[in-house]
Amino acid sequence: MLGKWTVATLLICWLILGHVTPSQAQSGTEIVDQVNAFRASLGLPPFTYNPQLAVAAQQQAEYIANTNLYTHTGYGGSSPQSRATAAGYNGRATENIVGGSNMTPRQGLSWWQNSSVHYATITSSNYTEIGGGFARGSSEQNIYAIVVGRPSNTPAAIASTVNNVEVAPPPIRAPAFIMAAPSEDGSIIHDVKAGQALWTIAAYYEVEIPYLLRINNLNANDFVNPGDQIVVQLAEGVPTPTPLPSPTPPYEHEVREGQTLWSIATFHNLELGELLYLNSINENTVISPGDELIVRLRPGQAPPPTATPTLMHVVQTGDTLLGIALRYNLTLGELLVLNNLTENTLIQPSDQLLVRQPLSGETADPTATPTLVVTATNTLTPTATMTPAPPTETAIVVVTPSAESVAAVVPPPVQSPTLIPGSEPKVIELNELPLFQNMLLLGLGAAASGLVGLWLVVRRK
């Protein structure tokens with residue numbers, strides 16, 4: 001009797017556990033483990049797991065699974081930052097999302113590794129914490145989300161923002177990928193479809209790219225085209241071929257459509273900084289198809305000179321002391337000390353500011369300390385684009401009294417002032433005076449004429 005119950009119990013357990021597929025048993029921590037393992041391979045410290053960020057990541061993974069919309073906008077119009085804040089996280093946050101049919105955490109990581117903006121997130125040194133989420137959607141879609149953050153009590157991170165809102169990389173929805181079934185001999189051969197590359201094939205079949213290259217007699221610079229057949233798994237008993245001789249690494253790389261500085265550096269096993277240094281460019285340099293970039297120095301080729309850090313900053317319109325300090329990784333106090341300024345100093349376009357101490361033998365431009373001259377501007381003076389008004393003629397008010405008034409009223413004679421020789425009065429036309437003085441004289445003239453008229457009217461009564 002006991003044996004029957006034991007068998008029944010084991011059968012029920014098998015039925016329950018047997019229906020739990022690997023994808024259903026996944027959790028958000030698996031994609032976090034993949035990200036941290038990849039960071040370790042690059043010599044980067046792992047992200048610290050944060051349960052509040054995990055809540056935000058899980059919430060968005062479930063939203064995508066329920067709506068089948070790959071987006072960073074969640075319930076109620078929430079964003080990665082607002083979801084992290086609502087979960088109780090105090091700091092900056094951004095998000096990576098990827099999903100595809102029966103996608104594994106390793107495959108999801110591969111998609112992020114091969115997208116420059118997502119690669120920047122998982123290798124960032126500006127963020128220190130992470131939380132992961134996983135959800136199962138329709139059409140066997142596995143959705144992975146990570147939210148990385150930096151607590152507000154740590155130094156401010158340099159992040160990509162628009163209007164002070166964190167910009168998350170676009171969500172990735174991997175296209176449908178039909179995997180080939182094993183042949184009778186155990187081999188697997190994949191027919192390449194449009195949009196597929198060696199790295200995507202390696203990601204879906206979860207094999208290493210070097211192994212894929214070896215069994216297909218390819219090298220790292222080869223490309224695959226739709227219709228090509230790629231061996232993914234050898235037949236049983238077939239030995240792995242001897243590695244091909246390592247080809248001589250190229251010295252230059254011709255930029256192709258869709259490539260970025262990040263992807264080119266990764267393709268040639270370079271750090272982004274190395275690629276920028278070899279080509280004397282910066283990460284904001286725009287590259288176009290057909291451009292050639294140096295990826296390795298030729299024998300005897302001299303390396304480019306090490307760029308000397310900028311010594312002086314020429315003030316541009318809109319610059320502020322704080323903004324200039326942040327641009328050169330200085331505190332405001334350091335910038336002020338370097339230039340003997342105060343926080344209330346006004347700077348003007350074309351002023352020059354020291355942004356580091358001069359090196360030995362290096363002299364600073366004497367105009368380094370801004371010459372701050374405040375020029376008073378008469379706001380009434382027309383600008384250069386205005387058409388000047390014609391000269392104003394001298395205003396004369398003539399009052400013609402009646403004959404009776406003239407007979408009745410004889411004004412006292414006006415005595416001419418005694419003039420000192422050489423001090424004859426100078427006749428000044430109104431159009432020679434400033435506008436304010438012209439208006440004042442006209443006003444006084446009008447007032448005087450009014451008084452004379454009033455006086456004559458009173459006298460007539």
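Modeller: Helices are DSSP runs of H or I with at least four residues, strands are runs of E with at least two, and both are numbered from the N terminus. Residues are numbered from 1 along each chain as its sequence is written. This is a predicted model, where local features need pLDDT of at least 70, side-chain atom pairs count only at pLDDT 80 or more, and totals for chains, interfaces and linings use all residues, while side-chain values use heavy atoms and leave out hydrogens and water.

Colleague: What share of the residues reaches a pLDDT of 70 or more?

Modeller: pLDDT is the predictor's confidence in each residue, from 0 to 100. Its mean over the protein is 76. The share of residues at 70 or more is 72%.

Colleague: Over which residues, with 20 contacts beyond four places in sequence, does pLDDT stay under 50?

Modeller: Where pLDDT is low, the predicted coordinates should not be read in detail. A contact means heavy atoms within 4.5 Å. The model has 20 contacts beyond four places in sequence for this stretch, residues 368–389.

Colleague: How many helices and strands does the protein have, and what is the strand order in the open sheet of five?

Modeller: The secondary structure comes to 14 helices and 13 strands. Two strands pair if DSSP finds at least two bridges between them. In the open sheet of five, the pairing is mixed. Its order is S1-S3-S4-S2-S7.

Colleague: Which strands stand at the edges of that sheet?

Modeller: An edge strand here has a single partner strand, so one side is left without a neighbour in the sheet. That applies to residues 48–49 and to residues 172–173. The edge strands are S1 and S7.

Colleague: Which residue of S3 stands opposite Tyr49?

Modeller: S1 and S3 (residues 129–136) pair in the parallel sense over two bridges. Tyr49 faces a residue in S3. That residue is Ile130.

Colleague: What angle does the direction of helix H3 make with that of S3?

Modeller: Axes are lines fitted to C-alpha atoms, for helices over the stretch in contact, and angles between N-to-C directions run from 0 to 180 degrees. H3 (residues 51–67) packs on the sheet and touches S1, S2, S3 and S4. Its angle to S3 is about 25 degrees.

Colleague: At what angle to S2 does helix H5 run?

Modeller: H5 covers residues 105–113. It lies across S2, S4 and S7. Its angle to S2 is about 115 degrees.

Colleague: How many of the 11 residues of S4 are buried?

Modeller: Buried means under 20% relative accessible area, exposed over 50%, and partly exposed in between, with a 1.4 Å probe and protein chains only. Residues including Gln141 and Ile143 point one way from S4, while Asn142 and Tyr144 are among those pointing the other way. Both sides are buried. S4 is largely enclosed by the rest of the structure, because its buried count is 11 of 11.

Colleague: Which residue of S2 stands opposite Arg150?

Modeller: S2 and S4 run antiparallel and are joined by 11 bridges. S3 and S4 also run antiparallel, with eight bridges. Opposite Arg150 in S4 stands Arg92.

Colleague: Which residue takes a positive phi in the hairpin of S3 and S4?

Modeller: Most residues other than glycine have a negative phi. Four residues lie between the two strands of this hairpin. The one with phi near 55 degrees is Ser139.

Colleague: Which residue with a positive phi follows helix H7?

Modeller: Seven of the eight residues of H7 (198–205) are buried. They pack against H5, S8, H8 and S9. The residue that follows has phi near 55 degrees and is partly exposed at 35% relative accessibility: Glu206.

Colleague: What is the relative accessible area of Asn217?

Modeller: Asn217 lies in the loop between H8 and S9. Its phi is positive, about 55 degrees, although it is not a glycine. Asn217 is exposed, at 53%.

Colleague: Which backbone nitrogen does the side chain of Asp351 reach?

Modeller: Asp351 sits in the loop between H12 and S13. It is buried, at 9% relative accessible area. A polar contact is a pair of N or O atoms within 3.5 Å; within protein, one must be able to donate a hydrogen and the other to accept it, and residues adjacent in sequence count only if both atoms are side-chain atoms. At 2.8 Å, the partner is Gln348.
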